[in-house]
Amino acid sequence: MSLLTVRAAAERMGVGYSTLKQWIHQGKVRTTRTAGGHHRLSEAEVERVLAPKTAPAQHKPPGGEPTGFIVALSGRNRLRGFVDEVRTDGLLGQVRLRIGDQTLTAIITSDAITELKLRRGDDALAIIKSTEVMIAREAPQTTPSAKRRRRHR
């Protein structure tokens, strides 16, 4: 059984280090302590926290009152992170999520931001549903010494 440091587990889970530490101190995440008193998380615990939590489906007759809770969603491209920034201006708003060491920016309606009650520091999911995905490569960085070597060949 492999044990992860809090920082490594937070990176794998796509949450901030301080968020994971709070969860540990609140008892939401189970850890093992080293002889030096440091927290370690098992792979199984990371998987348990990341596992989608869905309530058991209850059969409702057609035309019943909507509950407002989504039990399942067909989108498979889910990125878990936390809200880094929220801006609204008129009809639209910008939400910036931190997912590991990456940032994802989404433009959504101001009504959606209000309905979701998004605030900085909240946990959130980015669910990506797209008909197009672009892939790019960056040019390798060349150092000045590498440029000189090429000229003198």
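## Close-ups of a predicted model

**View 1. Two side chains of helix 3 join up.** E45 makes a salt bridge with R48, and their closest N and O atoms sit 2.7 Å apart. This is a predicted model, so read every distance here as computed from it. The two partners both belong to helix 3, where three residues, or about one turn of the helix, separate them. Is E45 buried or exposed? E45 counts as buried, because its relative accessibility is 4% and the cut-off for buried is under 20%. R48, at 31%, counts as partly exposed.

**View 2. E45 has a second partner, R30.** Here the side chains of E45 and R30 meet in another salt bridge, at 3.2 Å from N to O. This pair ties together distant parts of the chain: E45 is in helix 3, while R30 is in the loop between helix 2 (17–26) and strand 2 (32–33), 15 residues away. R30 counts as exposed, with 53% relative accessibility, whereas E45 is buried at 4%. Put the two views together and you get a network of salt bridges linking R30, E45 and R48.

**View 3. R12 reaches across to E43.** How far apart are the closest N and O atoms of the salt bridge between R12 and E43? They are 2.5 Å apart. Once more, distant parts of the chain are linked: R12 sits in helix 1 (residues 6–13) and E43 in helix 3 (residues 43–50), 31 residues apart. Both ends of this bridge are partly exposed, R12 at 43% relative accessibility and E43 at 27%. The structure holds six salt bridges in total, and the ones in these views are among them.

**View 4. Helix 1 crosses helix 2.** The axes of these two helices come within 9 Å and cross at roughly 110 degrees. Helix 1 and helix 2 are therefore roughly perpendicular to each other, since angles from 65 to 115 degrees get that label. Which residues meet here? From helix 1 come V6, R7, A9, A10 and M13, and from helix 2 come Y17, L20, K21, W23 and I24. Sort the residues of this contact by type and you find eight nonpolar, two charged and no polar ones.

**View 5. Helix 1 has a buried side and an exposed one.** V6, A9, A10 and M13 are the buried residues of helix 1. They lie on the same side of the helix, because they cover an arc of only 100 degrees around its axis. Over on the other side, R7 and E11 are exposed. What covers the buried residues? The cover includes strand 1 (3–5), helix 2, strand 3 (39–42), helix 3 and strand 4 (77–89). Just after helix 1, look for G14, which takes a positive phi of about 75 degrees.

**View 6. Stepping back to the whole chain.** The protein chain has five helices and seven strands, and along the sequence they follow the pattern β-α-α-β-β-α-β-β-β-α-β-α. Of its 153 residues, 22% are buried. Take the contacts with a separation of 6 or more: 44% of them are between residues 24 or more positions apart.

Key. Residues numbered from 1 in each chain as written. Predicted model: local features only at pLDDT ≥ 70, side-chain atom pairs only at ≥ 80, totals over all residues. Heavy atoms only, no water. Salt bridge = Lys/Arg side-chain N within 4 Å of Asp/Glu carboxyl O. Helix = DSSP H or I, 4+ residues; strand = E, 2+ residues; numbered from the N terminus. Buried < 20%, exposed > 50% of the residue type's maximum accessible area, 1.4 Å probe, protein only. Axes fitted to C-alpha atoms, helices over the stretch in contact; angles between N-to-C directions. Parallel < 35°, antiparallel > 145°, perpendicular 65-115°, else oblique. Contact = heavy atoms within 4.5 Å. Nonpolar A, V, L, I, M, F, W, Y, C, P; charged D, E, K, R; others polar. Arc of directions from axis to C-beta.
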